[in-house]
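Visitor: Let's zoom in on a single part today. Give me a close look at the nonpolar core, please.

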Amino acid sequence: MTYWLFKSEPSTWSWDQQVARGDAGEEWDGVRNYQARNFMQEMKVGDRGFFYHSQKDKEIVGIVEVIAEAHPDSTTDDERWECVDIKAVGPLKSPVSLEQIKGDTRLAEMVLVKNSRLSVQPVRDHEWAVICELGGAGG
DNA sequence: GCCAACGTTGGC
DNA sequence: GCCAACGTTGGC
């Protein structure tokens, strides 16, 4: 299993909206960046990811699961762009803030810290474990 | 609201 | 193929 991080501006697409879609999930569409797209093409059904709120909140709020592998992005006719479908698994008991992440040496190498603009990112196994611990998700 | 960082585009 | 110009993102 590979772990990921999905970043969204809550005013565009929020965790609450994701949760409201239930098990049907939702396309992670609108990505127009090759690096982010390439990561989505690597995803497998069952992979898990963090759901991060950028801008105002700046915190990881929940865990999602990939439920469909990369397919054409329905919001464009441009065949370069693909997306996966994800569903909400559950919220973190306590959201993990960017401040907390930056303050933890074990997380210093996270892509979120190194390249905050990338909207879909890989998360290393140990980073996943640390954030689950901080967020009270048990792993 | 500002600005730095980054990615993309297009002229040469 | 280089690089300047531009647009976008996101932390502060």
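Guide: Here's a walk through the core, then one helix that faces it. Keep in mind that this is a predicted model, where local features need pLDDT of at least 70, side-chain atom pairs count only at pLDDT 80 or more, and totals for chains, interfaces and linings use all residues. Residues are numbered from 1 along each chain as its sequence is written, with chains lettered from A and ligands numbered from 1 in the order in which they are written.

The largest nonpolar core (buried Ala, Val, Leu, Ile, Met, Phe, Trp, Tyr and Cys joined through C-beta atoms within 7 Å) holds 35 residues, and Phe-6, Met-40, Phe-50, Phe-51 and Ile-60 have the most contacts inside it. At least two core residues come from each of E1 (3-8), H2 (34-42), E3 (48-53), E4 (59-72), E5 (82-97), E6 (120-123) and H5 (125-135); these are DSSP runs numbered from the N terminus, helices (H or I) of at least four residues and strands (E) of at least two. Strand E5 gives the most, six residues.

Take Ile-60: beyond its neighbours within four places in sequence, its contacts (C-beta atoms, placed from the backbone, within 7 Å) include Phe-50, Phe-51, Leu-92 and Ile-131.

Now helix H2. Its buried residues (20 or more other C-beta atoms within 10 Å of their own; exposed means 12 or fewer, partly exposed in between; C-beta atoms placed from the backbone) are Ala-36, Phe-39 and Met-40. They sit on the same side of H2 because they cover an arc of only 100° around the axis, taken from the directions from the helix axis to the C-beta atoms. That buried set packs against E1, E4, E5 and E6, while the face turned away carries exposed Tyr-34, Asn-38 and Gln-41.

Notes. Contact = placed C-beta atoms within 7 Å.
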